[in-house]
Amino acid sequence: MASASYTHRRSQIENYFDRTAADAWAKLTSTAPVGRIRATVRAGRDRMRNILLGNLPADMRGLRLLDAGCGTGAFAVEAARRGADVVAIDLSPTLVALADERAPRDFAHGKIEFRVGDMSDASLGEFDHVVAMDSLIHYDERDVARVLGDIAGRTRHSIQFTFAPRTPLLMAFWTAGRLFPRGDRAPAIEPIAVDSLRRMLPRHEALASWREASSERVASGFYTSQAMELRRA
């Protein structure tokens, strides 16, 4: 069952990305020119996407992948090009519609099913691999662990996710955002201490049989995110 904090934050995220930030997000994830700050974010996200793709099989024919928090669909497209059967889900109907519009109509082997909803929805079924790129960065470590636990029971091989690592620079940005709030500001990122998360994940019953396979941080200007890959022991 979703916690009250998760449900509240999920509603904030949905409203923000479906209304306030939809146009800016569409531009950021395109090839259109952007300012210096957003260029660093775009470069960081591109690098992170490549890291996560690098941990997946080059040939994914016959494999089912969940793109949890698909945004405008860039990761889903790359996975489908490898032959994966991708379920790409996001809270924002606007972003899902844009992702569907941008995606190729045909792949040599793979396919994409775009859906609006919650990444932990059990009705999505079972998967070989799950990727949640920058879609858990607004939740605290307890909710991150709970969502990963919900997904783990329906995943055969690997779960990759990213989170905002608790660094001095990121904490300075986080504090500044708290001090100077705006009505149209994105829901606050929740910085998480890496070691604390490592201790918490195995305590979740569904994650007890999973082990950390890799971890890598990307820092690109105003983009800082940590990738962690979990695999069944």
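**Salt bridges, step by step**

Asp 46 is partly exposed, at 33% relative accessibility. The model is predicted.

**Exercise 1.** Find the salt-bridge partner of Asp 46 and state whether that partner is buried or exposed.

*Solution.*
- Step 1: Look for the pairing. Arg 49 forms a salt bridge with Asp 46.
- Step 2: Check the distance. The closest N and O atoms are 3.0 Å apart. The cut-off is 4 Å, so the pair qualifies.
- Step 3: Place both residues. They lie in helix H3, residues 36–54. Three residues separate them, about one turn of the helix.
- Step 4: Judge exposure. Arg 49 has a relative accessible area of 14%. Buried means under 20%, so Arg 49 is buried.

**Exercise 2.** Analyse the pair Asp 150 and Arg 146 in the same way.

*Solution.*
- Step 1: Their side chains meet in a salt bridge, with N to O at 2.6 Å.
- Step 2: Both sit in helix H6, residues 141–152. They are four residues apart, about one turn of the helix.
- Step 3: Arg 146 is buried, at 14%. Asp 150 is partly exposed, at 31%.

**Exercise 3.** Which residue meets Asp 140 in a salt bridge, and is Arg 142 buried or exposed?

*Solution.*
- Step 1: The side chain of Asp 140 meets that of Arg 142, at 3.3 Å from N to O.
- Step 2: Arg 142 has a relative accessible area of 60%. Exposed means over 50%, so Arg 142 is exposed.

**Exercise 4.** How many salt bridges does the structure hold?

*Solution.*
- The structure holds 15 salt bridges.

Notes: Residues are numbered from 1 along each chain as its sequence is written. This is a predicted model: local features need pLDDT of at least 70, side-chain atom pairs count only at pLDDT 80 or more; totals for chains, interfaces and linings use all residues. Side-chain values use heavy atoms; hydrogens and water are left out. Helices (H or I, at least four residues) and strands (E, at least two) are DSSP runs, numbered from the N terminus. Buried means under 20% relative accessible area, exposed over 50%, partly exposed in between (1.4 Å probe, protein chains only).
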